[in-house]
Amino acid sequence: MMKLLLDSSQIDIINWWYDINKSIQWQHGIFFTLCALYSFVSIIALIQVIRIHLRIPLYGWSTQKVFHMMNFVANGVGAIVFGLHNNCFMLHSNVLMTRAILDLQGLFFFTTFTHLVWFWADVYYKIRSFPTSKLKIWYISINCVIYLILGCIWICIAMNDNDAVVLVKLLFIRKICVAVIPFIAILGVLIYGGRLFIMVWRYFDEWRGGRKKLIELGYVSSICFTCFSIRCFVAVLSCFHHDDRGLDHPVLKMIYYMVVEILPSALFIYILQKLPRRRVSGQYHPII
């Protein structure tokens, strides 16, 4: 009797899983939920930018302020993409355009999160008395090269969309690039986030607020590492799967974007919510 109940419950779960995949109402609900979550995080990030500007209006764009603005833009793009899902996700004839839009959305989050890696490298180099003038150039150059490579791949895909053999090869190359991008970010987190964490861990007793900075750095670097690792794993998985990211179910899509984009962005805003002092002497040091 118990075995029959278990078998029937398993069948019900399987039927429910397939019903969601085929149900337009469920897909609308899931994608609009993602849109609402992206919008909420985006608005909170914008509020942080406004709060920082009102707190220190004369100091321009600090690292903290730029990061929150980039977070606002990235989550805003996510809200637009999922808010207009009828024009991409629900149209099977527009699969290539959907993948291109999702790639662009992922690149925005890559640029936003690696902004923290650039900041860690800048702090580490300054502590070690190394020159930091080229770090920003490297950060911008790497991002521009990544955008350019994926842009060229998508131009080639658009020009060869009628040639099935060439199209398959180009899409596979694109999947490899999408997997390499978070791997680059993982290396940046390990190299610069790890170095800075070890340095702060050695001397945090000598710095005022050093223990708190150590905890913040540990949380932020761990979130970045986890986020990019999941992206890399899913991208590698997609190379052996017929679906773009190995996510052929709306529930899986919701879990994926919650874990790698929405939740990390919200945690960053919470961890980095402390505002700078109203009156500071000398040069303003951003709080990250």
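# Helix 2, aromatic contacts and cavities

In helix 2, the buried residues (under 20% relative accessible area with a 1.4 Å probe, protein chains only) are Gln 27, Ile 30, Phe 31, Leu 34, Cys 35, Tyr 38, Val 41, Ser 42, Ala 45, Gln 48, Val 49 and Ile 52. Residues three or four places apart on an α-helix point the same way, because such a helix has 3.6 residues a turn. The model is predicted: local features need pLDDT of at least 70, side-chain atom pairs count only at pLDDT 80 or more, and totals for chains, interfaces and linings use all residues. Residues are numbered from 1 along each chain as its sequence is written, and side-chain values use heavy atoms, with hydrogens and water left out.

**Helices and annotated segments**

- Helix 2 (helices being DSSP runs of H or I, at least four residues, numbered from the N terminus) covers residues 24-55 and has 32 residues.
- From first C-alpha to last, helix 2 reaches 46 Å, close to the expected 46 Å, where the expected span is 1.5 Å times one less than the number of residues.
- An unreviewed UniProt entry places the feature "transmembrane region" at several segments, including residues 30-54 and 137-160; such annotations may be inferred rather than shown by experiment.
- Residues 30-54 are 100% helix and 0% strand, with end C-alpha atoms 36 Å apart.
- Residues 137-160 are 96% helix and 0% strand, with end C-alpha atoms 34 Å apart.

**Aromatic contacts**

- Rings of Phe, Tyr and Trp (its six-membered ring) pair if their centres lie within 6.5 Å; planes under 30 degrees apart count as stacked, over 60 as edge-to-face and the rest as tilted.
- The count comes to 15 aromatic pairs.
- Phe 31 and Phe 82 form a tilted pair, 6.0 Å centre to centre with 35° between the planes.
- Phe 31 lies in helix 2 and Phe 82 in helix 3 (residues 63-83), so this pair ties together parts that are 51 residues apart in sequence.
- Tyr 38 and Phe 109 also form a tilted pair, at 6.2 Å and 55°.
- Since Tyr 38 belongs to helix 2 and Phe 109 to helix 4 (residues 95-127), the pair ties together parts that are 71 residues apart in sequence.
- Both Tyr 38 and Phe 109 are buried.
- Ring pairs link these residues into a cluster whose members include Phe 31, Tyr 38, Phe 82 and Phe 109.

Note on methods: Helices (H or I, at least four residues) and strands (E, at least two) are DSSP runs, numbered from the N terminus. Buried means under 20% relative accessible area, exposed over 50%, partly exposed in between (1.4 Å probe, protein chains only).
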